[in-house]
Amino acid sequence: METELIKKEIESGCCSLGIELGSTRIKAILIASDKTVIASGAHDWENRNENGIWTYTISDIKEGLAHCYQTLKSDVKDKYGIKLTNLKALGISAMMHGYMAFDKEFNLLTSFRTWRNTITAKEAEELTSLFNYPIPQRWSISHFLRELKNNESYLFNLDYICTLSSYVHYLLTGEKVLGIGDASGMFPIDVANKCYDEKDIELFDDTYLEGEYPYSLKDLLPRILLAGEKAGTLTKAGALLLDKDGDLLPGVPLCPPEGDAGTGMVATNAVLPRSGNVSAGTSAFAMVVLEKPLSASYKELDLVTTPDGYLVAMAHTNNCTGSYDAWFNLFKQVIEAMGVEVKKGQFYDTLLNLALTSDPDCGGLLSYNYIAGEPIVGLEEGKPLFVRDNHAKFNLANFIRSELYTAVAAMRVGLDILYEKEKVQIDVMNGHGGYFKTAKVGQEMMASA
């Protein structure tokens, strides 16, 4: 699209904005009517481990959103010489799963638990048995049960439980809603009726809440919406949260907020049965849209949905690129200590391409990339390791390949179940995320996995 036409679209409010809150970066993308990306913004952030909990603060979220939008607004100004004031549509996605708990005034009652936490193994196992349905540690219901078992005092003031995308959507619209894909990472979904499983809600209420608390689980959960349904409009407060200059006009319609899994499905067009995608960045997960339900419940596989409600099997791992990012940062410090400056993109491309020249078996080198715990292989706490014996071929190319392999190795556990036990058929598998940023390398390594 020509620059003058883009300027007209921006000035007339014909562009759509998507904001995603990922694990290491908040990203904003402005899209023209022909789906062309015309501007972008970003804010880097990092979760922290506080008192054994991987978390972000409310300030992290609000300030990160505002800074991300400000960089987008500046990008529009720099490219087109105009001010961004109005939008045609707006959508929020964020890292799936986790636990946020609020009272009636929407005060956060306990620390935000991200997907990265591995503190709910007993609760996840108990719920899996109760529902006869795979409940991962990351899911909101696992964290909620942990709080109930700990008799946390704030539970008597509890009014709402949600994920990060639902919280941000509420900040912008005042609506307590959630797309079905992200909702399927909170509680089991009745796929036929596109709602929370009523039978499982009754089971949970009768087992854990009856007579103890003044609510049903159903009262606490966001209202489920499907892709395409109206999810509210941008309020004055929401507009000011994004744009502290006050230039952004309220009234913009929003789509249902979704998790990053749903984002990946849509971005790779993996929304129909026999299609799949792999998201590989801070975490890694392979998702396959199923033709029929699985024959059994597997702790190594999540069951979630597409944004319009198709059943999806997900092999999720908490760890992916974090380990080799840490090693690469160390290598970069060595170079800088010698007085050499190199751009990050060039540095990564150079190192990662070495993997294509390495031995197929990594020369006998062995890497364990578990920064965080890894439930799919039964590891409660992360302890990254690199191991070699005296006869291994210890060179840089082999080391890089070993780090790329370990980044996706645990995910293979879930995929083996899908392929070998369930005989799931896949016609196409696409990838996205930082693992694929260097051309060819990520594709080859992921294809091996």
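This briefing looks at two helix pairs and one pocket in the structure above. Keep in mind that the model is predicted. Helix α3 turns up twice here: α3 packs with helix α7, and α3 also gives the most residues to the lining of the second largest pocket.

**Helices α11 and α13**

- Let's start with α11 (residues 322-337) and α13 (residues 396-409), which pack at an angle of about 150 degrees.
- Their axes sit 9 Å apart.
- Angles over 145 degrees count as roughly antiparallel, so that's the label α11 and α13 get.
- The two helices cross in a left-handed way.
- On the α11 side, the contact is made by S323, Y324, W327, F328 and F331.
- On the α13 side, the partners are L396, F399, I400, E403 and L404.
- Sort the residues of this contact by class and you get 8 nonpolar, 1 polar and 1 charged.

**Helices α3 and α7**

- Next up are α3 (residues 121-131) and α7 (residues 198-209).
- These two pack at an angle of about 120 degrees, and their axes are 10 Å apart.
- That angle makes α3 and α7 oblique to each other.
- The crossing of α3 with α7 is right-handed.
- From α3, the residues in the contact are E126, L127, L130 and F131.
- From α7, they are D200, L203, F204, T207 and Y208.
- The class count for the contact of α3 with α7 is 6 nonpolar, 1 polar and 2 charged residues.

**The second largest pocket**

- How big is the volume of the second largest pocket? It comes to about 480 Å³.
- The pocket is lined by 23 residues, and the closest to its centre are A124, I135, Q137, K299 and P375.
- Which helix gives the most to the lining? That's α3, with 4 residues.
- The lining is a mix of classes, with 10 nonpolar, 6 polar and 7 charged residues.

How values were computed:
Residues are numbered from 1 along each chain as its sequence is written. This is a predicted model: local features need pLDDT of at least 70, side-chain atom pairs count only at pLDDT 80 or more; totals for chains, interfaces and linings use all residues. Side-chain values use heavy atoms; hydrogens and water are left out. Axes are lines fitted to C-alpha atoms, for helices over the stretch in contact, and angles run from 0 to 180 degrees between N-to-C directions. Angles under 35 degrees count as roughly parallel, over 145 as roughly antiparallel, 65 to 115 as roughly perpendicular and the rest as oblique. A crossing is left-handed if the near helix is turned anticlockwise from the far one by less than a right angle, and right-handed if clockwise. Contact means heavy atoms within 4.5 Å. Ala, Val, Leu, Ile, Met, Phe, Trp, Tyr, Cys and Pro count as nonpolar, Asp, Glu, Lys and Arg as charged, and the others, Gly among them, as polar. On a 1 Å grid over the protein atoms alone, a cavity is a set of points where a 1.4 Å probe fits but cannot get out, and a pocket is an open set with protein on both sides within 12 Å along at least five of seven lines; lining residues have an atom within 4 Å of a point. Grid points are joined across faces, edges and corners, and a volume is the space filled by probe spheres set on the points.
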